[in-house]
Amino acid sequence: AVRFTFAAEYLAEPEDSPTATVVCHEESTVTIADRSVAGKDVRVVTWDARLTAVGKPVTFADVEEMGFGIRLVKELAPKWGGRYLAAHGGQDEKGIFGTQADWVDASGEVAGERVGVTLVDRGAGARRAFLHARDYGWLLANAFGRRSYTQGESGAVTIPPGGQLSLQYALVLHGDVPDDALAELVAAAVSAPR
């Protein structure tokens with residue numbers, strides 16, 4: 001496995017300058033690991049982020065297109081013959097957009113082989129992500145866009161001074177996996193020790 005951690009500072013001003021005020025610290029760890037799960041070789045990419053407000057509350061607005069996402073090669077996109085399948089059984093944009101699920105898989109044939117990538121929401125509780133699926137090759141897990149998807153209450157999140165927000169997502173890259181084996185494969189891949 002390869003693991004790296006990076007830190008970022010969110011500024012109150014739109015441009016970096018010596019007087020810019022830091023309002024939030026981000027510490028993110030990305031792990032990339034090759035595994036054998038149920039006889040299948042997979043590559044698992046995890047992202048664990050911790051956001052900490054500095055000095056005053058920090059609010060992340062309810063925005064439709066933000067979160068952990070992946071742009072797909074056209075062969076995995078439904079518009080060009082690929083297919084999306086969510087943990088709840090919904091398929092493609094029509095059956096997935098604006099819903100919540102533990103994962104959504106994109107699969108198709110690339111260079112004569114059936115392959116796929118599964119976007120996994122590893123978060124829990126109140127910050128469970130909504131899925132943003134577009135048939136042209138865009139998948140996104142959005143922990144903030146409540147109103148954007150449900151027309152209900154706002155998904156804005158305010159972190160109090162010194163408070164933290166954790167976000168956890170993963171990608172599972174895999175070969176040909178039958179639909180009825182996908183949930184077990186994804187669960188085993190993301191729960192394996194990193």
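**Close-up views of a predicted model**

**View A. The open sheet and its edges.** In this predicted model, seven strands make up an open sheet whose order is 1-2-3-12-8-7-6, with antiparallel pairing. Strand 1 and strand 6 (83–86) each have a single partner strand and stand at the edges, so one side of each is left without a neighbour in the sheet. Averaged over this sheet and with direction ignored, neighbouring strands are turned by 15° against each other. Strands of a sheet pair, in general, through backbone hydrogen bonds, and the pairing may be either parallel or antiparallel.

**View B. The pairing of strand 7 with strand 8.** Strand 7 (residues 103–110) and strand 8 (residues 113–121) run antiparallel and are joined by eight bridges. Within this pairing, glutamate 109 is found opposite arginine 114, a residue of strand 8.

**View C. Helix 3 against the sheet strands.** Helix 3 (residues 179–191) lies across strand 2, strand 3 (40–53), strand 6, strand 7, strand 8 and strand 12 (164–174). With respect to strand 12, helix 3 runs at about 130°.

**View D. A nonpolar patch on the surface.** Four residues, Val2, Phe4, Phe6 and Ile32, form a nonpolar surface patch that together has about 330 Å² of accessible area. Strand 1 (residues 2–11) gives the most to this patch, contributing three residues, whereas isoleucine 32 lies in strand 2 (residues 22–37). Isoleucine 32 counts as partly exposed because its relative accessibility is 31%, a value that falls between the limits of under 20% for buried and over 50% for exposed.

Notes: Residues numbered from 1 in each chain as written. Predicted model: local features only at pLDDT ≥ 70, side-chain atom pairs only at ≥ 80, totals over all residues. Heavy atoms only, no water. Patch = residues over 30% accessible without salt bridge, like charges linked within 9 Å, V, L, I, M, F, W, Y side chains within 5 Å. Areas by Shrake-Rupley, 256 points an atom, 1.4 Å probe, with all protein chains shown as cover. Salt bridge = Lys/Arg side-chain N within 4 Å of Asp/Glu carboxyl O. Helix = DSSP H or I, 4+ residues; strand = E, 2+ residues; numbered from the N terminus. Buried < 20%, exposed > 50% of the residue type's maximum accessible area, 1.4 Å probe, protein only. Pairing = 2+ DSSP bridges. Axes fitted to C-alpha atoms, helices over the stretch in contact; angles between N-to-C directions. Contact = heavy atoms within 4.5 Å.
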